[in-house]
Amino acid sequence: MGSADDAVSFESVLGETPAVFVGSGRESQANTAVVSVDDAQGFDLVIDHLVGRGHVQITHISGGAGPVAALRESAYHRAMQRHSLSQHVQVVEAGPSLQSGYESVRQILASGARPDALACFNDLCAFGVIQALDEAGVDTAVTGYDNISLSSLKRISLTSVDSDFQDMGRSSARLLLQLMRNPHGKFSRQLMISPRLIVRSSSQ
């Protein structure tokens, strides 16, 4: 489980042992199954929502290195292009932590830019973004991703993409049982979980 994708290490340890990768963003291979969130759909939901609220200059606060960060950044680019907003595309390299989100806003404000909205890689990053915006007295729409439990707290109220981790867990367990029943068969499966957008006051 997780976003690490060191294929060489996995293959050297697993050999031909059946395995299920959850949320890794890797491609399925023989005797493996991959369960991940449809990040393209997730960022379509985010950008559709922000554009619908009248926002045009929408900046992506990236998750740094890693396959999931790359997938979400690509999804952001495609969603902006679909709305004919390619000229407003801006990506700020950050990371998945609260501190990286906080520093990204300081970087943006120091440059003189004032985006309409900030679409963050995940919720922790978005928390740091909100903190930095509050300290600077800047009112900007913010969205997160993954809809962790803290996002629903009234003082935070973060709009976020719900990755439906329960569905990911159930689906992964079912696929693992299928692999275990036929460990010597050729099995390859990639399952994408459809996310949904939970709209809260951070993007209103």
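How many aromatic pairs does the structure hold? The structure, which is a predicted model, holds one aromatic pair, and the legends below begin with that pair.

**Figure 1. The aromatic pair of F43 and Y145.** The rings of F43 and Y145 are stacked, with 5.6 Å from centre to centre and 25° between the planes. This pair links distant parts of the chain, since F43 belongs to helix 2 (residues 39–52) and Y145 to strand 6, with the two positions 102 residues apart. Both F43 and Y145 are buried. A charged group also takes part in this view: the charged end of R72 sits over the ring of Y145, 3.8 Å from its centre. R72 lies over the face of F121 as well, at 4.9 Å from the centre of that ring.

**Figure 2. The open sheet of six strands and the helices that pack on it.** Six strands make up an open sheet with mixed pairing, and their order across the sheet is 4-3-5-6-7-9. Strand 4 (90–92) and strand 9 (196–198) are the edge strands, each of them pairing on one side only. On average, and with direction ignored, neighbouring strands of this sheet are turned by 25° against each other. Helix 3 (residues 67–82) packs on the sheet, where it touches strand 3 (58–61), strand 4 and strand 6 (141–145), and the direction of helix 3 makes about 170° with that of strand 3. Helix 5 (residues 123–136) packs on the sheet too, touching strand 3, strand 5 (117–120), strand 6 and strand 7, and its direction makes about 160° with that of strand 6.

**Figure 3. The pairing of strand 7 with strand 9.** Strand 7 (residues 159–162) and the edge strand 9 run in the antiparallel sense and are paired over three bridges. Within this pairing, S160 has I198 of strand 9 as its bridge partner.

**Figure 4. Strand 2 and the strands beside it.** Strand 2 (residues 32–37) runs parallel to strand 1 (residues 19–22), and four bridges join the two. Strand 2 also pairs with strand 8 (residues 188–193), in the parallel sense and over six bridges. T32 appears in both pairings, as it stands opposite A19 of strand 1 and has S188 of strand 8 as a bridge partner. Strand 2 is largely enclosed by the rest of the structure, because six of its six residues are buried. From strand 2, T32, V34 and S36 point one way while A33, V35 and V37 point the other way, and all of these are buried. Strand 1 is likewise covered on both faces, with A19 and F21 buried on one side and V20 and V22 buried on the other.

**Figure 5. The largest nonpolar core and a second, separate one.** The largest nonpolar core has 26 residues, of which V20, F43, V46, I47 and I58 touch the most other members. At least two residues of this core come from each of strand 1, strand 2, helix 2, helix 3, strand 5, strand 6 and helix 6 (165–181). When residues up to four places away in sequence are not counted, V20 touches A33, V35, S172, L175, L176 and L179. A second core, separate from the largest, has 16 residues and includes Y102, V105, A126 and L158. In soluble globular proteins, nonpolar side chains tend to be buried together.

**Figure 6. The surroundings of L124 in helix 5.** Is L124, a residue of helix 5, exposed or only partly exposed? L124 counts as partly exposed because its relative accessibility is 39%, a value that falls between the 20% limit for buried and the 50% limit for exposed. Leaving aside neighbours within four places in sequence, L124 is in contact with P96, S97, L98 and I148. The C-alpha atoms of L124 and G101 are separated by 7.7 Å, although these positions lie 23 residues apart along the chain.

**Figure 7. Two residues with positive phi in the loop between strand 6 and strand 7.** Most residues other than glycine have a negative phi. D146, which is not a glycine, nevertheless has a positive phi of about 110°, and D146 is placed in the loop between strand 6 and strand 7. With 15% relative accessibility, D146 counts as buried. S157, also not a glycine, has a positive phi of about 45° and is likewise placed in the loop between strand 6 and strand 7. S157 counts as buried because its relative accessibility is 13%.

Conventions
Residues numbered from 1 in each chain as written. Predicted model: local features only at pLDDT ≥ 70, side-chain atom pairs only at ≥ 80, totals over all residues. Heavy atoms only, no water. Pairing = 2+ DSSP bridges. Axes fitted to C-alpha atoms, helices over the stretch in contact; angles between N-to-C directions. Contact = heavy atoms within 4.5 Å. Buried < 20%, exposed > 50% of the residue type's maximum accessible area, 1.4 Å probe, protein only. Phe/Tyr/Trp six-rings, centres within 6.5 Å; stacked < 30°, edge-to-face > 60°. Lys NZ or Arg CZ within 6 Å of the ring centre and 35° of its normal. Core = buried A, V, L, I, M, F, W, Y, C linked by side-chain atoms within 4.5 Å.
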